[in-house]
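Good morning, everyone, and thank you for making time for this. I would like to walk through one structure slowly, so please have a look at it before I begin.

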Amino acid sequence: MSIIDTASSGMVRVSRFGELHLPKLVLVHGFLGAKEDWLACMPILSQQFHCICVDLPGHGQSRAQLPTPGLEAAAQAIIATLSSLQCHQFHLVGYSLGGRIALHIAKLFPHKLLSLTLESAHPGLTDDKQRDERLNADKQWAEKLQRLPIVQFLQLWYQRGVFSDLTEDEVAKLIAKRSNNNNQALLNCYLATSLGHQQDCRNVISQLKQPCHIIVGQHDQKFSKLAKQWQTEQPLNVISVEHAGHNIHSLQPQLFSQQLLKLLNK
């Protein structure tokens, strides 16, 4: 696995793995994550792709702030950084928040995609009432993020139902891994990219000519249901991974990587 570390002068920073002549694969992490989240996948993925792992604004080494709402701004910042690296067409993978931003990249820059793969990502709420309720809920979490030490916030965060499949040991490891985050940097990104600010992106899939996939964990009931409903409306390929929850690539990187290669090599 060859490694090329790149500190971009743009709004986001990246690390790159794999030979430069290989097809490009861009990977975008979720809230609280960093480009290093994909490291365990690199021994497999970088054999066939030049992988570009992104730090979202407010995460890892990317300290720039987003406007509110900021989903389109995040998408544009990623494209600007990729363009500076002469990466003009690529396969795109996004997890959770990264998947929602990936949908906005697909919406704004469809000609740049070779394929779109989402992992446990929400297509967007369907009406203003739902969006208002989500904004209010996210404001409460934002207050906790602003007020509490990062470890206490993370202890509360991983009690959410979507992480119910995690063992105590897995939660402890995630908290230790995420505890070097900066509260204020995260706060800006969290509020700017709230699901309450996202428009319904379900129809983005039908506007793409490229293959579109969503990978969900069998134990993640919420996102499995969302994916199946989405599939009935759009040409979306749903892959359910057995014995997995919300964050598949982190807890089962080999299984995730092998599944992703099957999709991309079809």
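How many disulfides does the count come to? The count comes to 0 disulfides, and before I show you two of the cysteines I should say that we are looking at a predicted model. Let me take Cys53, whose closest cysteine sulfur belongs to Cys51 and lies 6.1 Å away, which is too far for a bond, because a disulfide needs the two sulfur atoms within 2.5 Å. Cys53 is also buried, since its relative accessibility is 0%. Cys201 can be read in the same manner: its sulfur is 12 Å from the closest cysteine sulfur, the one in Cys212, and that again is too far for a bond. Cys201 counts as buried too, with a relative accessible area of 2%.

Now let me turn to the aromatic rings, of which the structure holds 8 pairs. In the pair formed by Trp157 and Tyr190, the ring centres are 5.9 Å apart and the planes stand at 80 degrees, so we call this pair edge-to-face. What makes it useful to follow on the screen is that it links distant parts of the chain, with Trp157 in helix H5, residues 150-157, and Tyr190 in helix H7, residues 183-192, the two being 33 residues apart. Both Trp157 and Tyr190 are buried. If you follow the ring pairs onward, they join Phe31, Trp141, Phe153, Trp157 and Tyr190 into a cluster.

Please keep that cluster in view while I add a charged residue, Arg160. The charged end of Arg160 sits over the ring of Trp141, 5.9 Å from the centre of that ring, and Arg160 also lies over the face of Trp157, at 3.9 Å from the ring centre.

My last stop is helix H10, which runs over residues 253-264. Helix H10 has 12 residues and reaches 16 Å from its first C-alpha to its last, close to the 16 Å expected at 1.5 Å a residue. Within H10, the residues Pro253, Phe256, Ser257, Leu260, Leu261, Leu263 and Leu264 are buried. When we look down the axis of H10, these buried residues fall within an arc of 160 degrees, and therefore they line one face of the helix. Which exposed residues does the face of H10 turned away from its buried side carry? That face carries Gln254 and Lys262, both of them exposed.

Terms used:
Residues numbered from 1 in each chain as written. Predicted model: local features only at pLDDT ≥ 70, side-chain atom pairs only at ≥ 80, totals over all residues. Heavy atoms only, no water. Phe/Tyr/Trp six-rings, centres within 6.5 Å; stacked < 30°, edge-to-face > 60°. Helix = DSSP H or I, 4+ residues; strand = E, 2+ residues; numbered from the N terminus. Buried < 20%, exposed > 50% of the residue type's maximum accessible area, 1.4 Å probe, protein only. Lys NZ or Arg CZ within 6 Å of the ring centre and 35° of its normal. Expected span 1.5 Å × (residues − 1). Arc of directions from axis to C-beta.
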